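Hi,

Here is the structure I promised to pass on to you. Have a look at it first, and then read my notes underneath.

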Amino acid sequence: MIKRFGFMKYSRLLVFSILFLHACKGGVKNSPDVSGIKVDTHIERFDRDYFSLDSNRLDSGLKTLSARYPYFINDFTANILGAGLMNDTNEVLRSANRHFFTSYYQVYTSTKKQFDDLSAVEKELNSGFRHIKYYFPRYEVPKFISYLGPFDAPGAAITESAVAIGLQLYAGQDFPFYTSVEGQQLFPAYISKRFEKAYIPANCVKVVLEDIYPDRSEAQPLIGQMIWKGKYWWLTSRMLRETADSIITGYSSKQLEWCRENEGTIWNLLLQNDHLYSTEPAIIQMYIGDAPTTQGFPSLSPGNIGQWIGMRIIEAYIEKNPSVTPEQLLALSPGEIFEAAKYKPR
């Protein structure tokens, strides 16, 4: 789940119409014409400017960055460094800034080449945010800014003025910290396998969609939470038409194939176990949320299988109501969608 910063206008993480074929994108033929919509998805490189500072003059360097990035500097100092707001009397910040710079400089240099060119990310973001603007015309596309923070900082988050991209969580699944004992305690392999640069656009789109449509499903029974969260995956796929299903769901290609081949079995198990309307946290956690697999299912099953079924219910609804827009879909309750979808997988 994507974290929020304390001072941020945020949505919790973590979407598609899936016509599965080797984990490639389906439904592209119905994509609207967004060529006339202009958005600026240039990524401002705070990470590069920060670690280019003179290590002997970090205090004055931070002031320079404050002037260049006034819309982000306090998010960085208060929410990433955990040292409070930027000001001349903040002695905690002085110490925290030096400690972070010296501790993470090697991380920056070891990933610098990998993140040197983000043009492909910007291009994919451009397509995604053109679609967001098409479907949600009142939405104001924010700035985009990259930073490198502590490993427990978010990989994508909404600030008051920007989408902040934490590059420390996109260094590649084999990055030494991720595979270390400490790294595996923080991020087990089933999570760190998604720490690839290819996930940046989808994660950015997800946090924006959750900002547009906050997740208020916590009080819902399992089926309500499945459908609510399934909206995010379906919507993400509508915005990122060319993005692989494996990127949007975080599943592997084999896991996606298993889900498609066993969709009816998954659904029947949910019915037989009488779990659909459960409000017990342990039952809900079994089907929703990160896990290496789903308890009680074969080892090939992914975790968070409930969100996948929720997305499939959304697809069943859309097949019967193809004129419904994303904005209209968001206004529908999970109960309305479930009743109208008549979901009966084979």
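Let's start with α5 and α9, which are roughly parallel to each other because their axes cross at roughly 25°, and anything under 35 degrees counts as roughly parallel. Helix α5 covers residues 119-135, and its axis comes within 9 Å of that of α9. The crossing of these two helices is right-handed. One thing to keep in mind throughout: this is a predicted model.

Which residues make the contact between α5 and α9? On the α5 side you'll find V121, E124, L125, F129 and I132, and on the α9 side I200, P201, C204, V205, V208 and I212. By class, that contact of α5 with α9 has 10 nonpolar residues, no polar ones and 1 charged.

Now stay on α9 (residues 200-212) and look at its packing with α10, which runs over residues 222-239. Here the axes are 10 Å apart and the angle is about 120°. Since an angle of 120° is outside the 65 to 115 degrees that count as roughly perpendicular, and not over 145, α9 and α10 are oblique to each other. Their crossing is right-handed. From α9, the residues involved are A202, V205, K206, L209 and E210, and they meet Y232, W233, L235, T236 and M239 of α10. The residues of this contact of α9 with α10 split into 7 nonpolar, 1 polar and 2 charged. If V205 sounds familiar, that's because V205 is listed in the contact with α5 and in the one with α10.

Next, follow α10 over to α15. The two axes come within 7 Å and cross at roughly 75°, and that makes α10 roughly perpendicular to α15. The list of residues here goes on for a while. From α10 there are I223, M226, I227, K229, G230, K231, Y232, W233 and W234. From α15 there are G306, Q307, W308, I309, G310, M311, I313, I314, E315 and I318. Sorted by class, the contact of α10 with α15 holds 12 nonpolar, 4 polar and 3 charged residues.

I'd pick out I309 from that list. I309 sits in helix α15, and with a relative accessible area of 0% it is buried, as buried means under 20%. What does I309 touch, leaving aside its neighbours within four places in sequence? The contacts are M226, E263, I266, W267, L270 and Y343. For a sense of scale, try finding V181 too: I309 and V181 are 128 residues apart in sequence, and their C-alpha atoms are 34 Å apart in space.

On to the rings. How many aromatic pairs does a search of the whole structure find? It turns up 34. Here are two of them to click on.

In one pair, the ring centres of F46 and F72 are 5.0 Å apart and the ring planes are at 75°, so the pair is edge-to-face. F46 is in helix α1 (residues 46-50) and F72 in the loop between α2 and α3, so this pair links distant parts of the chain, 26 residues apart. Are these two buried or exposed? F46 is buried, at 1% relative accessible area, and F72 is buried as well, at 0%.

In another pair, Y287 and F297 have ring centres 6.4 Å apart and planes at 90°, so this pair is edge-to-face too. Y287 lies in helix α14 (residues 281-287) and F297 in the loop between α14 and α15, so the pair ties together parts that are 10 residues apart in sequence. Y287 is buried, with a relative accessible area of 1%, and F297 counts as buried at 12%.

Last, a bit of backbone. Most residues other than glycine have a negative phi. D274 is not a glycine, yet its phi is positive, about 55°. You'll find D274 in the loop between α13 and α14, and at 65% relative accessibility D274 counts as exposed. K342 has a positive phi too, near 50°. K342 is in the segment after α17, and at 54% relative accessibility K342 counts as exposed, the cut-off being over 50%.

Have fun exploring!

Key: Residues numbered from 1 in each chain as written. Predicted model: local features only at pLDDT ≥ 70, side-chain atom pairs only at ≥ 80, totals over all residues. Heavy atoms only, no water. Axes fitted to C-alpha atoms, helices over the stretch in contact; angles between N-to-C directions. Helix = DSSP H or I, 4+ residues; strand = E, 2+ residues; numbered from the N terminus. Left-handed = near helix turned anticlockwise from the far one by under 90°. Contact = heavy atoms within 4.5 Å. Nonpolar A, V, L, I, M, F, W, Y, C, P; charged D, E, K, R; others polar. Phe/Tyr/Trp six-rings, centres within 6.5 Å; stacked < 30°, edge-to-face > 60°. Buried < 20%, exposed > 50% of the residue type's maximum accessible area, 1.4 Å probe, protein only.
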